[in-house]
Amino acid sequence: MQFSRQNLITTSGICFLFLIWSGISSGEDFYVPSKTHPTIQSAVDDARDGDVICIAGGTYYPEKTIDIGAKEITLRGSVDRKGNLNTIIDGQDEIRLVQCSAKQGKRRKEKGSVVLEYLVITNGYANEGAGLYNNGRNL
C-alpha cells in the first residue's frame, strides 16, 4: 500500500488531535460527599491535575483549611433549578477556608489555574485571605 503525502499529513494530524483531546479529557471526577470522599479535603488529596471535584449542594464546615496546594483542579459546587448557588463552605469565623499556594523549596513556582465554580465561601477567619488565600496561582 502506498501513502500519498496528503494522506500522511491527514493521518498525522488526526493522531495529533487525538493526543491533544485525550490529554484534555483525561481528568477524573470526584464526588463529595461519597463513601470514598466524605470531605472536600479528602477529594482534593486524591485529585491530580485536570480533575474536577463535584461538591453536592449543602453547607460544609471544614475542620481545617482546604489546601489545594499546587494542583490544577476544579472545585465545582451546585446550583438549584433557578440558578441559585447552593453549595456553601462556612468557616464559622474560625479558619481560613481555601488556600492555593504553589511553593517548591525556597522559590515559588507558578503553575496553572485553579477553578472555583458555583461556591459560596463565607465566614472565614485569618489575618490575610480569610475566605481564600492565593499565593502565585491563577484563579
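Select Val-32 to begin: at 2% relative accessibility, Val-32 counts as buried. The model in view is predicted, and this residue sits within its strand S1. Display the surroundings of Val-32 and leave out neighbours within four places in sequence; the contacts that remain are His-37, Pro-38, Thr-39, Ile-40, Ala-43, Ile-53, Cys-54, Ile-55, Ala-56 and Tyr-60. To one of these partners, Ile-55, the C-alpha to C-alpha distance is 4.8 Å, although 23 residues separate the two in sequence.

Next, select Val-32 together with Pro-33. The peptide bond joining Val-32 and Pro-33 is cis, with omega at about -5°. Pro-33 itself belongs to the loop between S1 and H2.

**The helix after the loop**

Proceed to Ser-42, which is found in helix H2. Is Ser-42 buried or exposed? Its relative accessibility is 19%, and buried means under 20%, so Ser-42 counts as buried. Beyond its neighbours within four places in sequence, Ser-42 is in contact with Thr-36 and His-37.

**The nonpolar core**

Colour the largest nonpolar core, which has 20 residues. Within this core, the residues with the most contacts are Ile-40, Ile-53, Ile-55 and Leu-75. Which elements each supply at least two residues of this core? They are strand S1 (29–32), helix H2 (40–46), strand S2 (52–55) and strand S7 (98–101). H2 gives the most, with three residues.

Now centre the view on Leu-75. Setting aside neighbours within four places in sequence, Leu-75 touches Ile-40, Val-44, Ile-53, Ile-55 and Ile-68, and also Val-115, Leu-116, Glu-117 and Leu-119.

**The largest pocket**

Turn to the largest pocket, whose volume is about 230 Å³. To show its lining, select Val-32, Pro-38, Thr-39, Ile-40, Gln-41, Tyr-60, Tyr-61, Pro-62, Glu-63, Lys-64 and Ile-66. Val-32, the starting point of this tour, is thus one of the lining residues. How many of the lining residues are nonpolar, polar and charged? By class, there are seven nonpolar, two polar and two charged residues.

Keep Pro-62 selected and hide the rest of the lining. Pro-62 is placed in the loop between strand S3 (58–60) and strand S4 (66–67). A C-alpha to C-alpha distance of 7.8 Å separates Pro-62 from Thr-39, with their positions 23 residues apart in sequence. Apart from neighbours within four places in sequence, Pro-62 is in contact with Ile-89, Asp-90, Ile-95 and Leu-97.

**Two residues with positive phi**

Select Asp-93, in the loop between strand S6 (87–90) and S7. Asp-93 is not a glycine, yet its phi is positive, at about 55°.

Asn-123 also has a positive phi, of about 60°, although it is not a glycine. This residue can be found in the loop between S11 and strand S12 (132–135). At 34% relative accessibility, Asn-123 counts as partly exposed.

**A loop residue and its distant partners**

Select Tyr-118, which lies in the loop between strand S10 (115–117) and strand S11 (120–122). With a relative accessibility of 44%, Tyr-118 counts as partly exposed. Which residues is Tyr-118 in contact with, leaving aside its neighbours within four places in sequence? The contacts are Arg-76, Gly-77, Ser-78, Val-79, Leu-85 and Thr-87. Arg-76 is 42 residues from Tyr-118 along the chain, and their C-alpha atoms are separated by 5.9 Å.

**The chain as a whole**

Finally, return to the full view. The secondary structure comes to two helices and 12 strands. Followed along the sequence, these elements give the pattern α-β-α-β-β-β-β-β-β-β-β-β-β-β. The chain has 139 residues, of which buried residues make up 28%. Of the contacts between residues at least 6 apart in sequence, 68% join residues at least 24 apart.

Colour the chain by pLDDT as a last step. The mean value is 81, and 71% of the residues reach 70 or more. Where does pLDDT stay under 50? Select residues 3–25: pLDDT stays under 50 over this stretch, and the model has zero contacts for these residues beyond four places in sequence.

Methods. Residues are numbered from 1 along each chain as its sequence is written. This is a predicted model: local features need pLDDT of at least 70, side-chain atom pairs count only at pLDDT 80 or more; totals for chains, interfaces and linings use all residues. Side-chain values use heavy atoms; hydrogens and water are left out. Helices (H or I, at least four residues) and strands (E, at least two) are DSSP runs, numbered from the N terminus. Buried means under 20% relative accessible area, exposed over 50%, partly exposed in between (1.4 Å probe, protein chains only). Contact means heavy atoms within 4.5 Å. On a 1 Å grid over the protein atoms alone, a cavity is a set of points where a 1.4 Å probe fits but cannot get out, and a pocket is an open set with protein on both sides within 12 Å along at least five of seven lines; lining residues have an atom within 4 Å of a point. Grid points are joined across faces, edges and corners, and a volume is the space filled by probe spheres set on the points. Ala, Val, Leu, Ile, Met, Phe, Trp, Tyr, Cys and Pro count as nonpolar, Asp, Glu, Lys and Arg as charged, and the others, Gly among them, as polar. A nonpolar core is a set of buried Ala, Val, Leu, Ile, Met, Phe, Trp, Tyr and Cys residues joined through side-chain atoms within 4.5 Å. pLDDT is the predictor's confidence in each residue, from 0 to 100.
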